[in-house]
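Subject: The structure I promised you

Hi,

Here is the structure we talked about, with some notes on what turned up in it. Have it open on your screen while you read, and click on the residues as they come up.

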Amino acid sequence: MTVFLTSSPFVDGADRAILSNANGFVDRLREALPPYCRCLFVCSDPERHDLTCQFGSDVVSACAEAGIWFSSYQVLSGENADRAEELVENSDFLVLAGGHVPTQNAFFQEIHLREILERFPGVVMGISAGSMNSADEVYVQPEEEGESSPDFPRFAQGLGLTDVNVLPHYQKVKDNILDGLRLFEDITYADSFGHVFFAIPDGSYFYQDDEQLLLFGKSYAIRDGRLEPLIEDGEVLDMADFE
């Protein structure tokens, strides 16, 4: 299996969905996929069919413009959740949508996606929440009002595709205030003791296959209550060398 963990694969600020080739992302994705692949778009909220359809349509059009062509395209949502295993087995390329991490995590557990993916040999691309839920143990960074509470579950079982905990959209959310607390300094830093979180802005991503785990682009590690810069755009970090 080949896995791409992105913050957002799209060009920021564009008037339509365009895949960004920052840090060679499009080139690497194109190389990993078969010439005409069978794509399955996996939703983040099984009840938000309007959001799912629009998001999925954006992925299709952006991929086509980038020269990534689909021989078939389907959506996995609450409407066809009972067919999850069949849909995955008949796909080469899975796109895990962005959205609300706990909502998506609950859906993944409901359809037993972790177990289904144990037999999947293709390419998985996570977007935002989809990248976060790809981890073995997911760090559920608080996002919505009330989630800063100590009673809010901060960790959950994920898909087990990687050991990496991604915190996406760092350039946009690093100064966020949630329930009167600073999202990173007051909440996430405190949660990082005994863990490592990787904060990445849009345009940076992880690439993982059976032989290597690589980090591309500007990025930071958060651990033991501290933020440390890792690499800049245009640079690559082999995670085998990460200490």
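**A buried residue in a strand**

Let's start with Ile-127, which counts as buried because its relative accessibility is 3%, and buried means under 20%. Before going on, please keep in mind that this is a predicted model. Ile-127 sits in strand S5. Leaving aside residues up to four places away in sequence, Ile-127 touches Thr-6, Ser-7, Pro-9, Phe-10, Phe-55, Val-59, Val-95, Leu-96, Ala-97 and Gly-98. For a sense of distance, try Ile-222: it is 95 residues from Ile-127 along the chain, and the two C-alpha atoms are separated by 20 Å.

**One face of helix H1**

Strand S5 comes up again when you look at helix H1, residues 25–32. Which residues of H1 are buried? They are Phe-25, Val-26 and Leu-29. If you look down the axis of H1, the buried residues fall within an arc of 90°, so they line one face of the helix. And what covers them? The cover includes strand S1 (2–6), strand S4 (93–96), strand S5 (123–127) and strand S12 (205–208).

**The loop before H1**

Now step back into the loop between S1 and H1, where you will find Asn-23 and Ala-22. Asn-23 is buried, because its relative accessible area is 17%, and the cut-off for buried is under 20%. Ala-22, at 31% relative accessibility, counts as partly exposed.

Asn-23 has something else to show you. Most residues other than glycine have a negative phi. The phi of Asn-23, though, is near 55°, a positive value in a residue other than glycine. You can find another case at His-112, with a phi near 60°. His-112 lies in the loop between helix H4 (101–110) and helix H5 (113–117).

As for Ala-22, have a look at what is beside it. Not counting residues up to four places away in sequence, Ala-22 touches Gly-203 and Tyr-205. Ala-22 and Ser-204 are 182 residues apart in sequence, yet C-alpha to C-alpha they are 7.3 Å apart in space.

**A cavity and a pocket**

How do you look for empty space in a model? Rolling a probe the size of a water molecule over the atoms shows where empty space is left.

How many cavities of 30 Å³ or more does the structure hold? It holds one. About 40 Å³ of space lies in the largest cavity. You have met some of its lining already: the residues are Thr-6, Ser-8, Pro-9, Ser-20, Ala-22, Phe-25, Gly-203, Ser-204 and Tyr-205. By class, that lining has four nonpolar, five polar and no charged residues.

Then there are the pockets. The largest pocket holds about 290 Å³ of space. It is lined by 15 residues, and the closest to its centre are Gln-141, Glu-143, Pro-168, His-169 and Val-173. Helix H6 (129–132) and strand S9 (177–178) are the elements that give two or more residues to this lining. Sorted by class, the lining of the largest pocket has nine nonpolar, five polar and one charged residues.

**Two more buried residues**

Next, go to Asp-191 in helix H8 (residues 183–191). Is Asp-191 buried or exposed? It counts as buried, because its relative accessibility is 17%. What does the side chain of Asp-191 make a polar contact with? Its partner is the side chain of Arg-154, at 2.6 Å. Arg-154 is also among the residues that Asp-191 touches, along with Tyr-139, Phe-155 and Phe-197, not counting residues up to four places away in sequence.

Last stop: Ser-91, in the loop between helix H3 (84–89) and S4. With a relative accessibility of 8%, Ser-91 counts as buried. Ser-91 touches Arg-38, Cys-39, Leu-40 and Phe-120, again not counting residues up to four places away in sequence. Cys-37 is 54 residues from Ser-91 along the chain, and their C-alpha atoms are separated by 7.5 Å.

Cheers!

Conventions. Residues are numbered from 1 along each chain as its sequence is written. This is a predicted model: local features need pLDDT of at least 70, side-chain atom pairs count only at pLDDT 80 or more; totals for chains, interfaces and linings use all residues. Side-chain values use heavy atoms; hydrogens and water are left out. Helices (H or I, at least four residues) and strands (E, at least two) are DSSP runs, numbered from the N terminus. Buried means under 20% relative accessible area, exposed over 50%, partly exposed in between (1.4 Å probe, protein chains only). A polar contact is a pair of N or O atoms within 3.5 Å; within protein, one must be able to donate a hydrogen and the other to accept it, and residues adjacent in sequence count only if both atoms are side-chain atoms. Contact means heavy atoms within 4.5 Å. On a 1 Å grid over the protein atoms alone, a cavity is a set of points where a 1.4 Å probe fits but cannot get out, and a pocket is an open set with protein on both sides within 12 Å along at least five of seven lines; lining residues have an atom within 4 Å of a point. Grid points are joined across faces, edges and corners, and a volume is the space filled by probe spheres set on the points. Ala, Val, Leu, Ile, Met, Phe, Trp, Tyr, Cys and Pro count as nonpolar, Asp, Glu, Lys and Arg as charged, and the others, Gly among them, as polar. The arc is that of the directions from the helix axis to the C-beta atoms.
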